[in-house]
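Visitor: I have a model open and would like to go through it with you. Can we start with one residue and work outwards?

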Amino acid sequence: MANFEEDWNRLDLSQVRDRGSKKWVAMMLPEHVKMLRDYNEEIKKVARPDLNEFDYEAIQEQIELAMKRNVEIKIKRWKEGEFLYNRGTIQWIELTKRTIEVEDPFRCFELKIDEIIDVTILE
């Protein structure tokens with residue numbers, strides 16, 4: 001009995017290299033693997049922040065100021081559960097389509113006004 005306890009105390013578990021979930025993937029059906037991937041993507045998603053009227057007013061003021069000064073801005077957007085960031089100068093606001101046309105050094109693109117969460121002027 002003493003020999004077993006000595007061996008157990010000398011056992012170094014940090015040397016064990018387990019393959020984790022890789023060893024179980026071969027026994028799973030493709031539908032299960034797809035469901036697990038979808039679940040992992042779903043838990044990474046972030047809920048849309050609730051903005052009040054003061055937040056929308058602050059965003060509007062930043063956009064107006066950036067257009068008047070023609071300066072570069074950083075726009076934080078929420079789309080499909082994740083935050084996206086864009087930089088550039090505002091070229092045009094199309095209220096009928098509810099979009100903003102932004103130009104960065106590489107291209108011109110449109111952003112939906114409803115996706116915008118925050119605007120920061122970069123000077």
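Visitor: Not counting residues up to four places away in sequence, which residues does Tyr-85 touch?
Guide: This is a predicted model, to begin with. In it, Tyr-85 touches Ile-75 and Lys-76, once residues up to four places away in sequence are left out.

Visitor: How far apart are Tyr-85 and Ile-75, in sequence and in space?
Guide: Tyr-85 and Ile-75 are 10 residues apart in sequence, and their C-alpha atoms are 5.6 Å apart in space.

Visitor: Where does Tyr-85 lie?
Guide: Tyr-85 is in strand 2, which covers residues 82-94.

Visitor: Why does Tyr-85 count as partly exposed?
Guide: Because its relative accessible area is 49%, and the exposed class requires over 50%.

Visitor: Back to Ile-75. What does Ile-75 touch, with the same sequence neighbours left out?
Guide: Its contacts are Leu-84, Tyr-85, Asn-86, Val-102, Leu-111, Ile-116, Asp-118 and Val-119, not counting residues up to four places away in sequence.

Visitor: And the largest nonpolar core: which residues touch the most other members?
Guide: Ile-73, Ile-75 and Val-119 do, out of 17 residues in that core. The elements that give two or more residues to this core are helix 4 (53-69), strand 1 (73-79), strand 3 (99-103), strand 4 (108-112) and strand 5 (116-121).

Visitor: Which of those gives the most?
Guide: Strand 5, with four residues. As background, nonpolar side chains in soluble globular proteins tend to be buried together.

Visitor: How much of the protein counts as buried?
Guide: Of its 123 residues, 21% are classed as buried. The accessible surface is about 10,400 Å², and carbon and sulfur atoms account for 53% of that.

Visitor: What is the overall order of helices and strands?
Guide: The pattern along the sequence is α-α-α-α-β-β-β-β-β, with four helices and five strands in the protein. Among contacts with a separation of 6 or more, 48% are between residues 24 or more positions apart.

Visitor: Changing topic to pockets. How much space lies in the largest one?
Guide: About 330 Å³.

Visitor: What lines the largest pocket?
Guide: There are 14 lining residues, and Tyr-56, Ile-59, Gln-60, Ile-63 and Ile-113 lie nearest the centre of the pocket. Helix 4 gives the most to this lining, with six residues.

Visitor: How does the lining split by class?
Guide: It has nine nonpolar, one polar and four charged residues.

Conventions
Residues are numbered from 1 along each chain as its sequence is written. This is a predicted model: local features need pLDDT of at least 70, side-chain atom pairs count only at pLDDT 80 or more; totals for chains, interfaces and linings use all residues. Side-chain values use heavy atoms; hydrogens and water are left out. Buried means under 20% relative accessible area, exposed over 50%, partly exposed in between (1.4 Å probe, protein chains only). Contact means heavy atoms within 4.5 Å. A nonpolar core is a set of buried Ala, Val, Leu, Ile, Met, Phe, Trp, Tyr and Cys residues joined through side-chain atoms within 4.5 Å. Accessible areas come from the Shrake-Rupley method with a 1.4 Å probe; for residues, only the protein chains shown count as cover. On a 1 Å grid over the protein atoms alone, a cavity is a set of points where a 1.4 Å probe fits but cannot get out, and a pocket is an open set with protein on both sides within 12 Å along at least five of seven lines; lining residues have an atom within 4 Å of a point. Grid points are joined across faces, edges and corners, and a volume is the space filled by probe spheres set on the points. Ala, Val, Leu, Ile, Met, Phe, Trp, Tyr, Cys and Pro count as nonpolar, Asp, Glu, Lys and Arg as charged, and the others, Gly among them, as polar.
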